[in-house]
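Please read the following with the sequence and the model open side by side. The text moves from a loop to strands, helices, aromatic rings and charged pairs.

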Amino acid sequence: MSQTIEIKVPDIGDYKDIPVIEVLVKPGDVIEKEQSLLTLESDKATMDVPSPEAGTVKEIKVKAGDTVSEGVLIVILEAAGAAAEPAPQAEQKPAAPAASAAPAAAASAPAPAAQAAAGGSALIEVKVPDIGDYDGVPVIEIAVKVGDMVEKEQSLITLESDKATMDVPSPQAGKVKEIKVKVGDSVGEGALILILEGAAASAPAAATQAAPEAAKPATAAAAPAPAAKDTGATHALAQAPAIVPGAGRRSISHASPSVRKFARELGVDVARVNGTGPKGRITQDDIRAFVKGVLSGATATAAAPAAAGGGELNLLPWPKIDFAKFGPIDAKPMSRIKKISGANLHRNWVMIPHVTNNEDADITDLEAFRVQLNKENEKSGVKVTMLAFLIKACVSALKKHPSFNASLDGDNLVFKQYFNVGFAADTPNGLVVPVVKNADKKGVFEIAQETSDLAKAARDGKLKPDQMQGGCFSISSLGGIGGTYFTPIINAPEVGILGVCRSSMKPVWDGKQFVPRLILPLSLSYDHRVVDGAEAARFNAHLAQVLADFRRVML
């Protein structure tokens, strides 16, 4: 026997006419109690509407793009009756009334839950776990609020360094009693983030029994409920999705509102993304990896269905090949730096509209001057490199073209009054970008010494986080390797990066004859949202003029 339930938008405070940004279920879906049905997003918050009961979706009354308010009908649910088949447990203990839409299996064994509720609670201090060498990492998101019930491994807060985004999971299930941090705070390993009121020891046994049984078809309700010692039930609970703040248990796509918003910005349908977080939770890194797969052909599509306003890329799936069939192979895991930097580079390439301007700089006289300086100061032990001159030249160009010394912050441009220049350093584990702080206040010899020290620390794996932060502009030099021109990827939140290749002697017409000149290729990538093509061309031309006659750096 079943019953039809009209599910309406619950009390959402003072919000009215909130847009529906995502419908998470479809007719015929079997859902659980508290599973999220749809997502609403106002100008202030993202809210998920959970199902008050378990059952089968019979009809959906709204679609993405509709606006709703409290009391609006959104879904018609066909809920399973509590007494579909008389169960042995029903004769021993009174079950819930027939009008209740709770899963039959959960209703058939109320005793353990009651014992758990009576078992008391314990206060647990949740602290930042081991996050590697990171310290003073900003809190960018708090995923729970006081009073929320959380599960073990559910994300509590999100931290983001300049290299990685990290979620801090709950060490166990319980109720959030007090939150000790706020967005914008900086934390390190061992910092107290919240106080959790943990459930009694008997509570996990009750949850272990109820969760997997609730997911079974109604016909399975007639079977005797398994004992708390059932290892199969325990395993099923361990594999079940965690409850996301405000979302309930999700069996379709397990992602927080912030991750869903990030996915929508990239045109990704989260239902197509495999989660690698705790209990299958989808993280921002999973979204980035999905987009990377689409761009490389590894994934068929990154766009949401056309009905949701997205488009299809219609790419062929990435070929699955057993390489060992063709000969010996040696599979090696990627280094930690490559994993982290790869995710950042991928985000920057996808999110920033890159344009690259190429220019040639005549450095014949500057190279002669550099060689002379090194001969004169041989005893000092400081070797002046072309990079030191490039950093000073870039500072001159940044002063003349302040848009390159800016960053996007929402709808605002932040113009920096300091000049910190980063440079890509090649290490055995991958590229890192140390930053020369206040380069405008340092001379060429001082910059040469500092870049040498930073490059050595990078190769030795001893760079500190603050030595890779605060950059305004970056330089990526392949001068010691070769090449002519390339497209360097902008290091967000910067808006420009200079790529430099190996200089070479070329014949240059001086008006009377061809003369040999040492030419340095420059490749300037810029964020076209902030910098237009004309300004980029002027920036690169100014760089070339300064490098051709370094006296201009004083102008």
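Where is the place of E34? This residue sits in the loop between β3 (30-31) and β4 (36-41). The model is a predicted one, and the values that follow are computed from it. E34 has a relative accessibility of 36%, and it therefore counts as partly exposed, since that class lies between the 20% and 50% limits. Along the chain E34 and P52 are 18 residues apart, while their C-alpha atoms are separated by 5.9 Å.

A set of parallel strands comes next. Strand β26 covers residues 473-477, and 4 of its 5 residues are buried, so the strand is mostly covered. Strand β22 (residues 421-423) pairs with β26 in the parallel sense, over 3 bridges. Within that pairing, V421 has F473 of β26 as its bridge partner. β26 also pairs with strand β27 (residues 496-500), again in the parallel sense, over 4 bridges. Here I475 has its bridge partner in β27, namely L498.

F473 leads on to the aromatic rings. A search of the whole structure gives 5 aromatic pairs. One of them joins F473 and F539, with 5.6 Å centre to centre and 40° between the planes. Why is this pair called tilted? The angle of 40° is neither under 30 degrees, as stacked rings require, nor over 60, as edge-to-face rings require, and the pair therefore counts as tilted. The two rings belong to distant parts of the chain: F473 is in strand β26 and F539 in helix α12 (residues 533-548), 66 residues apart. F473 has a relative accessible area of 0% and is buried. F539 is likewise buried, with a value of 0%. Elsewhere, F369, F389 and F550 form one aromatic cluster.

Helix α10 spans residues 386-400. From its first C-alpha to its last, this helix of 15 residues reaches 21 Å, close to the 21 Å expected at 1.5 Å a residue. Is α10 mostly covered or mostly open? Of its 15 residues 13 are buried, so the helix is mostly covered.

The surface offers a contrasting case. I321, F323, F326 and I329 make a nonpolar surface patch of about 480 Å². I329, one of these residues, lies in the loop between α7 (284-296) and α8 (336-351). Its relative accessible area is 54%, and I329 is therefore exposed.

Charged residues complete the tour. Side chains of opposite charge can pair when their charged atoms come close. The count for this model comes to 16 salt bridges. Among them is the bridge between the side chains of D29 and K26, at 3.2 Å from N to O. D29 is buried, with a relative accessible area of 14%. Another salt bridge joins E450 and K442, at 2.7 Å from N to O, and both E450 and K442 are buried. In a further bridge, the closest N and O atoms of D527 and R529 are 2.8 Å apart. Which of these classes do its two partners fall into, buried or partly exposed? D527 is buried, with a relative accessible area of 2%, whereas R529 is partly exposed at 48%. Salt bridges with shared partners also join D362, D365 and R517 into one network.

Definitions and conventions: Residues numbered from 1 in each chain as written. Predicted model: local features only at pLDDT ≥ 70, side-chain atom pairs only at ≥ 80, totals over all residues. Heavy atoms only, no water. Buried < 20%, exposed > 50% of the residue type's maximum accessible area, 1.4 Å probe, protein only. Helix = DSSP H or I, 4+ residues; strand = E, 2+ residues; numbered from the N terminus. Pairing = 2+ DSSP bridges. Expected span 1.5 Å × (residues − 1). Patch = residues over 30% accessible without salt bridge, like charges linked within 9 Å, V, L, I, M, F, W, Y side chains within 5 Å. Areas by Shrake-Rupley, 256 points an atom, 1.4 Å probe, with all protein chains shown as cover. Salt bridge = Lys/Arg side-chain N within 4 Å of Asp/Glu carboxyl O. Phe/Tyr/Trp six-rings, centres within 6.5 Å; stacked < 30°, edge-to-face > 60°.
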